[in-house]
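Thanks for making the time this morning. I would like to walk you through one structure, taking a few charged pairs and then one helix, so please have a look at it before I begin.

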Amino acid sequence: MTFLKKILLVDHEPHVTKIVREALERTGRYTIRTERDGSFALHAARWFQPDLILLDVMSDGPDAELLTRQFQEAGHLGDTPVLSLSNVSPGPQMVSGGILSGYSFLAAPFRLDELLRGVESLLFGDKPGPDQAA
């Protein structure tokens, strides 16, 4: 029996949430919980117990960074990886994804295959998925 990994998706834009959720669910490997508000997301994470948190980082405020720290400082969520979806567009000097200040990030606009690879890497390491060659 295979258990689906749980992902908490926090994004204030419903159309982005819908696209990302559908892409993740199509893989058949994840169950998704969505939240639009950061404070609700923190409470939802306490009972949902996600394996990964996808967090939309608003470029115009420090709230996302604070929320990321709150997720990581919560006792039961401390080891839960957080992948920040950033609205900061990558320039010629900046990569579109990686680790910044200790947090994994993916800069928007991003391709869905990049997002899926990032999620796969954080949840399963370099282990190939069921539809990938070993």
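Let me start with a question: is D113 buried, partly exposed or exposed? Bear in mind as we go that what you see is a predicted model. The relative accessible area of D113 is 32%, and because that value lies between the 20% and 50% cut-offs, D113 is partly exposed. Its partner in a salt bridge is R111, with the closest N and O atoms 3.0 Å apart, and R111 is likewise partly exposed, at a relative accessible area of 48%. The pair does not stand alone, since salt bridges that share partners join R111, D113 and R117 into one network.

As a general reminder, side chains of opposite charge can pair when their charged atoms come close. In this model the count of salt bridges comes to six, and I will take two others from that set.

One of them is in helix α1, which covers residues 14-26. Here the side chains of R21 and E25 meet in a salt bridge, with 3.0 Å from N to O. The two residues are four apart in the helix, which means that about one helical turn separates them. R21 is partly exposed, with 27% relative accessibility, and E25, at 35%, is also classed as partly exposed.

The other pair is E35 with R33, where the closest N and O atoms of the salt bridge are 2.4 Å apart. In this pair E35 is buried, with a relative accessible area of 12%, whereas R33 is partly exposed, at 27%.

Now let me turn to helix α2, which runs over residues 38-48. At its N-terminal end, D37 acts as a cap, with a side-chain oxygen lying 3.2 Å from the backbone nitrogen of F40. Within the helix, the buried residues are A41, L42, A44, A45 and F48. Looking down the axis of α2, one finds these buried residues within an arc of 165°, and therefore they line one face of the helix. On the other side of α2 we find F40, H43 and W47, which are exposed, and I would point out that this exposed set includes two aromatic residues written as F and W. After the helix comes Q49, whose phi is positive, near 55°.

To close with the helix in one sentence, α2 has D37 capping its N-terminal end, a buried face that includes L42 and F48, and Q49 following it with a positive phi.

Note on methods. Residues are numbered from 1 along each chain as its sequence is written. This is a predicted model: local features need pLDDT of at least 70, side-chain atom pairs count only at pLDDT 80 or more; totals for chains, interfaces and linings use all residues. Side-chain values use heavy atoms; hydrogens and water are left out. Buried means under 20% relative accessible area, exposed over 50%, partly exposed in between (1.4 Å probe, protein chains only). The arc is that of the directions from the helix axis to the C-beta atoms. A polar contact is a pair of N or O atoms within 3.5 Å; within protein, one must be able to donate a hydrogen and the other to accept it, and residues adjacent in sequence count only if both atoms are side-chain atoms. A salt bridge is a side-chain nitrogen of Lys or Arg within 4 Å of a carboxyl oxygen of Asp or Glu.
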